[in-house]
Amino acid sequence: MPTGSPKRSIDIRVFPAFRGLVKTPFARRAATAALKVADPGGDRDVSVVIADDETLHDLNLRYRGFDEPTDVLSFGDESDASLAEEDADDGPAFPEMPGESLPLGEIVLSYPLAVRQAGEHNVQVDEEVALLIVHGVLHLLGHDHAEPDEEAVMKALEAQALTALFPERAGPAQEARR
């Protein structure tokens, strides 16, 4: 019987304009850190897309009704019905293949907005990108920050994942800002 942690597929796609700026192994480590902290025994796959403001603006308007860009959106495999487009097909789900892991969902983040927010928060861009990926993964896992107690749990998980990614920066000064 195999031992060790479950094998997950973490697919990273970076828009061409940002390929020289975002390192896919780093983005994969950020998603992995969040999964290890919040879902250590899980085996579901995650996809991360590093996109532009226009894409996030369009997605935010289409799925959330907000006519503005946002930093990160999470689309779970079993998304909330409120995120479904009105003309979406409600037909049968695609059959699952035995032995294949199921997708947890996809995270789409705006790299330009991450760069701006890094400047506003006086952190490195890689820290902001990592925070957004971690935040998105936690949403996929069902965490939220609408209520103070939920927000406290989510911030604690974000801090744990970021400490794993940036142990040299750990301490009181490193807090999740979301």
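**Around Glu106**

User: What is the relative accessible area of Glu106?

Analyst: Glu106 comes out as partly exposed, where buried means under 20% relative accessible area, exposed over 50%, and partly exposed in between (1.4 Å probe, protein chains only). Mind that this is a predicted model: local features need pLDDT of at least 70 and side-chain atom pairs count only at pLDDT 80 or more, while totals for chains, interfaces and linings use all residues. Residues are numbered from 1 along each chain as its sequence is written, and side-chain values use heavy atoms, leaving out hydrogens and water. For Glu106 the figure is 25%.

User: Which residue forms a salt bridge with Glu106 across distant parts of the chain?

Analyst: A salt bridge here is a side-chain nitrogen of Lys or Arg within 4 Å of a carboxyl oxygen of Asp or Glu. The closest N and O atoms of this pair sit 2.2 Å apart. Glu106 lies in strand E4 and its partner in strand E1 (residues 10–14), 93 residues apart; helices (H or I, at least four residues) and strands (E, at least two) are DSSP runs, numbered from the N terminus. The partner is Arg13.

User: Which other residue joins Glu106 and Arg13 in a network of salt bridges?

Analyst: Arg13 has another salt bridge, with its closest N and O atoms 3.1 Å from those of the partner. Arg13 is partly exposed at 38% relative accessibility, and that partner is partly exposed too, at 35%. The residue completing the network is Asp11.

User: Is strand E4 largely enclosed or open?

Analyst: E4 spans residues 103–110. Six of its eight residues are buried, so the rest of the structure leaves E4 largely enclosed.

User: Which strand runs antiparallel to E4, and which residue there is the bridge partner of Glu106?

Analyst: Strands pair if DSSP finds at least two bridges between them. E2 (residues 45–51) runs parallel to E4, joined by seven bridges, and its Val48 has Ile107 as bridge partner. The antiparallel neighbour has five bridges to E4 and covers residues 72–76. That one is E3, and the bridge partner of Glu106 is Phe75.

User: Which residue does Asp58 meet in a salt bridge within helix H2?

Analyst: The two side chains come to 2.5 Å, N to O. They are four residues apart in H2 (residues 53–64), so about one helical turn separates them. Asp58 is partly exposed at 37%, and its partner is partly exposed at 41%. That partner is Arg62.
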